[in-house]
Amino acid sequence: MNPGNQVHDIACPHCGETTRTAFDVSGGELQFIDDCQVCCRPIHLRVDIDEQHQTLRLFVDADSDQIY
Ligand SMILES: [Zn+2]
């Protein structure tokens, strides 16, 4: 198993339900789009890595115009 693999439960910004997302942080900080498993709408996720504390900060947004 890749140690950079992360699985998190997040609250969908569209429907408010909990959906699960998986991503790989071995390459550092990242942004990506994942579809909500409940309402199938795209969720914009941003992952910041705090290397001092070895923690992740996950930011969840409704899809934004900046991506497209
Ligand atoms: Zn949803």
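In this predicted model, strands 3, 4 and 5 come together as an open sheet, arranged in the order 3-4-5 with antiparallel pairing. Strand 3 (30-35) and strand 5 (55-62) take the edge positions, and each has a single partner strand, so one side of each is left without a neighbour in the sheet. Averaged over the sheet and ignoring direction, neighbouring strands are turned by 25° against each other. As a reminder for reading the side chains, those of a regular strand alternate between the two faces of the sheet.

The pairing of strand 3 with strand 4 can be followed residue by residue. Strand 4 covers residues 42-50 and runs antiparallel to strand 3, to which 6 bridges join it. Leu-30 has Val-47 of strand 4 as its bridge partner, while Asp-34 stands opposite Ile-43 in strand 4. The two strands belong to a hairpin with 6 residues between the strands, and in this hairpin Cys-40 adopts a positive phi near 65°.

A further antiparallel pairing involves strand 1 (residues 5-11) and strand 2 (residues 18-24), which are joined by 7 bridges. Within this pair, Asn-5 stands opposite Asp-24 in strand 2. Strands 1 and 2 likewise form a hairpin, with 6 residues between them. Here a glycine, Gly-16, has the positive phi in the turn, with a value of about 80°.

Taken along the sequence, the elements follow the pattern β-β-β-β-β, and the protein has 5 strands and 0 helices. Burial is assigned to 7% of the 68 residues. Among contacts with a separation of 6 or more, 28% are between residues 24 or more positions apart.

The loop between strand 4 and strand 5 offers a residue to look at individually, Glu-51. Is Glu-51 buried or exposed? Glu-51 counts as exposed because 7 C-beta neighbours lie inside 10 Å, and the cut-off for this class is 12 or fewer. Glu-51 can also be located relative to Gly-28, which is 23 residues away along the chain. The C-alpha atoms of these two residues are separated by 10.0 Å in the model.

How values were computed
Residues are numbered from 1 along each chain as its sequence is written. This is a predicted model: local features need pLDDT of at least 70, side-chain atom pairs count only at pLDDT 80 or more; totals for chains, interfaces and linings use all residues. Two strands pair if DSSP finds at least two bridges between them. Helices (H or I, at least four residues) and strands (E, at least two) are DSSP runs, numbered from the N terminus. Axes are lines fitted to C-alpha atoms, for helices over the stretch in contact, and angles run from 0 to 180 degrees between N-to-C directions. A residue is buried if 20 or more other C-beta atoms lie within 10 Å of its own, exposed if 12 or fewer, and partly exposed in between; C-beta atoms are placed from the backbone. Two residues are in contact if their C-beta atoms, placed from the backbone, lie within 7 Å.
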